[in-house]
Amino acid sequence: MKKHELIFWSLKVPLDFLIIFSAFFLAREIRLMTDLIPGIQLPIQTIDTPSLLWFALFWAFVYITTFSFHKLYFLQIFSSKIKEFLEILRYWFYWFVFFSVFIFLWKWIIYDTDIPRLIIGFAFWLWTIWVILERIILNNIQYYLLKKWLIPKRQILLVNNKKTEKIQNILQDIKLANIYKIIWYTNSKEISNFPYKYKWSIDELQNILEKNKCDEVLYIDSDYTKKELFQLWELSRIFGLRYRYITNSFDITKTNTSLSLIHNIPVIELENTSLNNWWKIWKRFFDIITSFFGIIICFPLMFIIWILIKIEDPKWPILFKNRRVGENWKLFNLYKFRYMKWKHCVKDAYWIWENNDNALKYEQELIKTQSSRSWPLYKIKNDPRKTKIWSFIEKYSLDEIPQFFNIFLWNMSLVGPRPHQPREVEKYELEEKRLLTIKPGLTWMAQVNGREDNDFKKETRLDIFYIENWSVLLDFKIILKTFWVIIERIKK
């Protein structure tokens with residue numbers, strides 16, 4: 001652990017303690033506001049300062065102890081921030097239950113002063129929000145200092161035998177993380193034109209690791225023997241380095257395993273995804289709830305957009321249908337607000353069959369001449385078919401709102417692989433057909449990791465990664481990142 005990581009880690013403990021301690025007293029001041037709820041006069045309920053001081057000190061200590069035991073003060077900058085916040089909320093809930101039981105059972109045994117329930121409630125919400133804000137501020141300060149090279153980045157030793165062009169996306173991602181610096185690479189033989197210093201012998205590497213000139217070992221691929229790789233791994237453990245490796249598809253799949261028996265023979269099953277059984281039911285339930293409320297909340301906005309589109313181009317329909325391939329190869333119509341004049345809409349999705357669909361021909365011409373993405377993905381620059389309202393709804397991603405109906409009808413899920421068009425699916429290689437084993441999503445991995453910068457291959461790889469590593473936490477991370485992407489687009 002670097003010094004700056006230790007400093008930022010050590011700041012969390014006193015700051016958390018101060019926040020929790022202060023939250024009790026601020027909560028008491030809020031409770032003294034008798035007109036806090038409009039139209040209702042609350043009776044004044046409070047607690048004297050010495051008694052509240054005891055509660056604040058004791059429960060701040062319990063909070064710090066609880067989080068310490070659950071390693072919430074050991075999360076470093078390269079850990080998932082969303083996971084950290086969810087863990088805070090998780091142990092906040094456990095602690096709240098414990099606090100409630102303690103308050104009820106130990107009155108007249110350890111203490112004899114009532115603490116008003118609203119003070120407890122206000123205090124709990126205050127310190128939870130403040131602790132999360134504190135983490136966000138500390139993380140952003142640390143990230144900014146790393147980005148500007150004001151504090152040292154984590155130095156990486158690559159284990160690699162591939163040329164630059166074959167791992168360009170990996171090198172680019174390491175660079176974009178802004179917290180790492182590749183200092184050397186090692187392999188049984190040197191790679192021509194590789195942009196980093198070469199180290200070979202295990203003895204030489206041992207000298208580097210022993211003198212703390214490296215923080216992490218990142219394995220991509222190598223020509224080392226198993227014995228040499230084991231030595232390198234053992235050295236990283238001896239000198240306390242983080243050892244990680246870039247997985248291939250089979251490595252990732254191996255994480256989704258289950259043990260069962262064929263009579264008396266133990267067998268390990270490699271599962272396609274952990275999204276099965278009860279998790280599928282949970283995901284469907286979550287989709288129904290979010291799509292239902294999404295439709296209700298967004299209905300006034302949809303009505304306004306409906307009127308604006310109708311004014312500009314009076315012809316029906318208002319929704320644009322785009323034929324997509326869903327789970328198990330089932331075709332469905334993905335709904336968007338119509339961004340082009342009706343005469344330019346491809347008609348087959350509306351059950352209007354034309355042998356020579358001029359709209360389709362025109363679209364194919366535009367793809368050839370004005371697409372900014374490689375086939376089969378396309379994005380037409382300066383699309384002449386666009387209506388005036390489109391630039392507004394596209395900027396704020398409002399064209400996607402009707403897909404809440406797709407989710408409610410179970411054509412789609414809130415999070416899943418990108419729903420591809422039939423002409424894109426035709427280009428699938430064998431492995432990429434796995435994308436059709438679960439419901440496509442309103443938002444997806446590539447949406448929050450590069451967006452239009454991803455080519456077809458990288459986008460499908462990200463979606464396969466999602467399928468193989470699905471979890472509730474991953475869904476929440478993608479949802480939160482989607483909001484952040486929208487906010488970033490609004491700022492531009």
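Which residue lies over the face of tryptophan 410? Lysine 439 does, at 4.9 Å from the ring centre. Let us start with the chain as a whole and come back to that ring later.

## The chain as a whole

This is a predicted model, so please read what follows with that in mind. The protein chain contains 15 helices and 11 strands. Of its 492 residues, 44% are buried. Its exposed surface comes to about 28,100 Å², with carbon and sulfur atoms supplying 63% of that area.

Sequence separation is worth a look too. Taking contacts between residues at least 6 apart in sequence, 71% join residues at least 24 apart.

## Aromatic pairs

Searching the whole structure turns up 16 aromatic pairs. One of them is formed by phenylalanine 24 and tryptophan 127, with a tilted geometry: the centres are 5.3 Å apart and the planes make an angle of 50 degrees. This pair links distant parts of the chain, since phenylalanine 24 belongs to helix 1 (residues 3–31) and tryptophan 127 to helix 4 (residues 117–147), 103 residues apart. Both phenylalanine 24 and tryptophan 127 are buried. Together with Tyr63 and Phe124, Phe24 and Trp127 make up one aromatic cluster.

Tryptophan 282 and phenylalanine 286 offer another pair, this one stacked, at 5.3 Å centre to centre with 5 degrees between the planes. These two residues are four apart in helix 9 (residues 278–312), so about one helical turn separates them. Tryptophan 282 is partly exposed, its relative accessible area being 31%. Phenylalanine 286 is also partly exposed, with a value of 22%.

## Two nonpolar cores

The largest nonpolar core holds 46 residues, and the members touching the most others are Phe337, Ile393, Phe404, Leu414, Tyr466 and Ile478. Several elements give two or more residues to this core, among them helix 9, strand 8 (319–325), strand 9 (331–337), helix 14 (456–468) and helix 15 (472–491). A second core, separate from this one, has 35 residues, including Val62, Leu72, Phe99 and Ile119.

Leucine 414 is a good place to look inside the largest core. Leaving aside residues up to four places away in sequence, leucine 414 touches Phe286, Asp287, Thr290, Phe404, Ile407, Gly441, Leu442, Thr443 and Ile479. Phenylalanine 286, from the stacked pair, is thus one of the contacts of leucine 414.

## Loops worth a closer look

Now back to tryptophan 410, the residue whose ring face has lysine 439 over it. Tryptophan 410 sits in the loop between helix 12 and strand 10, and is partly exposed, at 44% relative accessible area. Its phi is positive, about 75 degrees, although tryptophan 410 is not a glycine. Asparagine 328 likewise has a positive phi, near 55 degrees, and is found in the loop between strand 8 and strand 9. For context, most residues other than glycine have a negative phi.

Is aspartate 399 buried or exposed? Aspartate 399 is in the loop between helix 11 and helix 12, yet a relative accessible area of 4% makes it buried. Not counting residues up to four places away in sequence, aspartate 399 touches Tyr335, Lys336, Phe337, Trp390, Ile393 and Glu394. Tyrosine 335 is 64 residues away along the chain, while the C-alpha atoms of aspartate 399 and tyrosine 335 are separated by 8.8 Å. Two of the contacts of aspartate 399, Phe337 and Ile393, also appear among the core residues that touch the most other members.

Methods. Residues are numbered from 1 along each chain as its sequence is written. This is a predicted model: local features need pLDDT of at least 70, side-chain atom pairs count only at pLDDT 80 or more; totals for chains, interfaces and linings use all residues. Side-chain values use heavy atoms; hydrogens and water are left out. Buried means under 20% relative accessible area, exposed over 50%, partly exposed in between (1.4 Å probe, protein chains only). Contact means heavy atoms within 4.5 Å. Accessible areas come from the Shrake-Rupley method with a 1.4 Å probe; for residues, only the protein chains shown count as cover. Rings of Phe, Tyr and Trp (its six-membered ring) pair if their centres lie within 6.5 Å; planes under 30 degrees apart count as stacked, over 60 as edge-to-face and the rest as tilted. A charge sits over a ring if NZ of Lys or CZ of Arg is within 6 Å of the ring centre and within 35 degrees of the ring normal. A nonpolar core is a set of buried Ala, Val, Leu, Ile, Met, Phe, Trp, Tyr and Cys residues joined through side-chain atoms within 4.5 Å.
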